[in-house]
Structure formats: structure tokens, C-alpha cells
Amino acid sequence: MDVVETKNEGLLRDFKITVAANDIETRVEARLVEVGKTVNIPGFRPGKVPLKVLKQRFGGSVMGEVLEGTVQETSQEIMTDRGLRPAGQPKIEVVSFDEGKDLEFDLSVEILPEIGELDLGSLELDRIKVVPTDGEIDDAIARIVQQNRETKPIEDARPAVTGDVVVIDFEGKIDGVAFEGGTGTGIRLELGSNQFIPGFEEQLVGKEIGKQTDVKVSFPEDYGVDDLSGKDAVFDCTIQEIHEGVDVAIDDDFAKSLGMEDLSTLKVAVSEQLGQEYNRLTRERTKRELLDKLAEGHSFEVPPRMAEDEFEQIWKQIEEAKEKDQLDDDDKGKTDDELRVSYKEIADRRVRLGLLLSHVGESNSLTVSQEEVNRAIMEQARQMPGQEQMVIDFYRDNPQASASLQAPIFEDKVVDFILELANVSETEMSPDELNKKIEAETAAAEEKKPAKKKAAAKKPAAKKPAAKKDAAKKPAAKKETAKKPAAKKKPAAKKPAAKKDS
């Protein structure tokens, strides 16, 4: 084999490779001998078929197989011998080959940059700890009361109002044809809970028991069932019962009905849950600060093709956003050239951060287990009540979607590893103080425009976390959601929006 390096520029390496004709012939004959041991050809015993006959019968297919194997084998050998770590799939182009002549092909490979050791202990970061206020805890308990409230049938006939729980029968049709999953009987629905697709519940407000109602809705474009996404539908609905809420006293008895020892214990549980929600929120802020410092503190050449591939993915999202008039306000009115410059910077940043995190993970033997992927799938399933099995089936039937969950899990593991080594100070804040800090940071970011965009400046972190039902939920499952005609989330693992370059 003859190898000539034709390019050595930055992270690009090009080679011209020649494999002698006699080497190819030897490989072909060796493969034909293997084939001859198993094939049955009339007139010959297995393993006794002459090479000439085997060439006539299988020469063409074996030649193709040998050429492909030779190209892959020699390419890997070249990279291994030179200690090259490819940043992606090498580009291979066969220049010439005829039977009895040398094989010539070109190999172009983009290699990973040398990053070296990172001084992670020198990173200085600030982590905010938010302490929930008494008012927030009381509000959260009020929401739990609302979520777990008892209802009773109305005593005097009246139309349904927002907040009522109605028991309905429905049949959904698209273009006059009923569709799978669009029928339900005796389904309990709280009006105003936004459990069904937008527009459904509102059309039942003001309706009376026994009166048939045509509910006209449009399924969201990102609905979890492709056959329904974006479609207009009409649901033939009838309210069978109307239930109104029963006032509940927030006291020890209420806490005990939720499995708590007393009201004080319930408040502690709610406070801890709110704290966990805030911790998740502020963790994202700390993570963005960490990634910003990693990107700013490590300047190295990124593989051009990796950056270009990342940019192309981002640009597709930008073009889709333009078509739907969903561009960020900052981008509206900009020319394509201006947008390309901006988003190429973001693509380079993403690739650089990806390489840095990958380097830390590989250097410290951090991996993602199948158990962790399964937990992520179950977490997504829990976010779609009534359609959990659909989510699980989606990931089971789509290995690529399942594999895509590994990247964010790996990233979080690496971030947690770095945070353990970094010099992290902790600052306690009230929710109001956090709000003011974020508003100040957002204002500062606005003043810097048209500087490089950072999604961190735009994230509305000040939102109060809702107390989850899991913290104090009745053991009896009251929701009959298996046949809901609507779901707000699609189980597919989508790529983050282009500007959220965390």
C-alpha cells in the first residue's frame, strides 16, 4: 500500500492511497476460497469447487465486497498509524480501479483538536439558592386543595361554568369520519384545567346537562399523533353530569387526608418541593454560566465540517421559523447574510462546548447507562398523563429517538462532574430578589445588542414553580385520561431551538 499525504492544514488531512493490484487479487482469491467452502454447485463437492469456477460465479460480487473492505481497512490503518482521531465520518472517493489494476482512492478526514488538561478547579461560579416564602407555600397548598378538591353534583339545574367538573360523552370526527382515540364515555373533565387541546373546554362553558354540543377544534401542529397533527376536528359532546367544588378547610385533617401527619408537615413537604423546583431553575442558570466560562476560556480551532453541519441544522430551523413568521424579534428585519454570521458564531460555540464536555467525559470515564435512558423515557411519559404507553412505544420503536436522549444525559453528568471540582459559592435569595437579578441581567443584555446572542439572557427564570401533585396526592386515581382527545406534547425528542445554545 502506498500512502501520500496531500493536505495537512489545520484539522484537515487528505491522503491519496494506492493498493497494488496483486494485493487486491490475493484478497479476492482468499475470499472466494471461503465462499467455496459453503456453496453448493452441481457437479462439485463442497469445498472442492475450482477457483476458476468460483470466479465465474461469484467474482463480481466478491470483488465489490473486497474493494469496500479494503478501503475501510486501509483507511482505518492510516488513521491508527498516524494517531489521528477523526471528528466525523471520513470522506472516501475511489479514483480508479479496473480488474487487474491498482486500486486508487482519496481519503479526507477531519480530526479532533488537541484540548489537553483542563484546570476545572480554577473555575469560579455562583450558585443561587432560593428559599420559598410563607406566601408561596400557602399559594402552593391552595393549588393542592384545588387539585384534590371534592366535588358534588349540582343541586339546581344550571349551565356549566369554569371550575366545574363535567362528565361528558364525546365522539370526534375529521372530515365527517370518526378517528381512533377520539371517542370517550363518562369522562371527567374540569373546565379551565387545560387538560384537552386549546379551545375544547371553553366551548363547554355555558352548556347544560343533556344538550348536544359540537366542539370545533384544531389539533396542534406538534400533536403526538402524526395523523391528527394540524387537523381540524369536530367533537359531538354531551354533558351528562355537572359537579361543583366543595369548600375544603386547610387544616390538620386536610393534611392527614393527603397522607401527612399534620398541616405543619404538609407545609414542610411543600416547601421542600418548591425548593427543588427552584433548584432546578437556578441549576440551569449555573449551568449556563459554566458553559459561558468554558467557551470564553478555551479558544481552539473547531473542525470545520462539524461546525458547518451544526450550522446547517440551525439554519433549517431558522428557515422554518421564517416561513411561519416565528423568528425571534431580534432577528426580524435582518438580512440572510446578517443571520448567517450570527448563527455561525452560535454553531461554532456549540461545537466547541460539545468537544470540551466530551473531552471531560471521556477523560474521566463518564458514560450513560441504559437504565438512565429508561428513566429519561419514563420521565417524558409521566409528562403526558393518559398517553404514557404511547411515549414508551415511540421510543421503543425509534432507536434513534431513544439514542438522542443520551446526549443531554451525558451533558448533565459532565456538568455535575465539573461543578463538583469547580469553586462554587452559594448565595441565598428570595424569589423576589431572584426576579430583580434576572431583570437586571436581561436589561444589561439588551443594552449590549447587537452583541453575540446568548439564550441565557432571555430565559424567564423568575416564574414561580407550581407545587406538583406528587407531593401530596390522594392515593385514588381520579383521572380518566386514557381516552382524552387531546395531548399537548409530542413524544419525539426535538432538537433545542437554534438560539438556546446552552
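Contact, as the word is used on this tour, means heavy atoms within 4.5 Å. The model on screen is a predicted one, and the first stop is a pair of helices.

**Helices α6 and α7.** Select residues 304-323, which form helix α6, together with residues 336-363, which form helix α7; their axes come within 8 Å and cross at roughly 130°. The two helices are therefore oblique to each other, and their crossing is right-handed. To see the contact itself, show the side of α6 that carries M306, A307, E310, F311, I314, W315, I318 and K322. These residues meet a set in α7 made up of D336, L339, R340, Y343, K344, I346, A347, D348, R350, V351 and L355.

**Two arginines over rings.** Keep W315 and R340 in view, for R340 lies over the face of W315, at 4.4 Å from the ring centre. Then add F300 and R352, where R352 lies over the face of F300, at 5.5 Å from the ring centre.

**The aromatic pairs.** Next, colour the rings: how many aromatic pairs does the count come to? The count comes to 11 aromatic pairs. One of them is formed by F170 and F200, which sit edge-to-face at 6.4 Å centre to centre, with 80° between the planes. F170 lies in strand β7 (residues 165-174) and F200 in the loop between β8 (177-190) and β9 (212-218), so this pair ties together parts that are 30 residues apart in sequence. F170 counts as buried because its relative accessibility is 2%, and F200 is buried as well, with a relative accessible area of 0%.

Now move to F179 and F235, an edge-to-face pair with 5.9 Å centre to centre and 85° between the planes. Because F179 belongs to strand β8 and F235 to strand β10 (residues 232-245), the pair ties together parts that are 56 residues apart in sequence. F179 has 13% relative accessibility and counts as buried, while F235, at 0%, likewise counts as buried. With both pairs still shown, extend the selection to F196, F219 and Y223, since ring pairs link F170, F179, F196, F200, F219, Y223 and F235 into a cluster.

**Helix α9.** For the last stop, select residues 388-397, helix α9, and pick out Q389 within it. Is Q389 buried or partly exposed? At 48% relative accessibility, Q389 counts as partly exposed. Adding M378 to the view gives a C-alpha to C-alpha separation from Q389 of 9.6 Å in space, for residues that are 11 apart in sequence.

Conventions:
Residues numbered from 1 in each chain as written. Predicted model: local features only at pLDDT ≥ 70, side-chain atom pairs only at ≥ 80, totals over all residues. Heavy atoms only, no water. Helix = DSSP H or I, 4+ residues; strand = E, 2+ residues; numbered from the N terminus. Buried < 20%, exposed > 50% of the residue type's maximum accessible area, 1.4 Å probe, protein only. Phe/Tyr/Trp six-rings, centres within 6.5 Å; stacked < 30°, edge-to-face > 60°. Lys NZ or Arg CZ within 6 Å of the ring centre and 35° of its normal. Axes fitted to C-alpha atoms, helices over the stretch in contact; angles between N-to-C directions. Parallel < 35°, antiparallel > 145°, perpendicular 65-115°, else oblique. Left-handed = near helix turned anticlockwise from the far one by under 90°.
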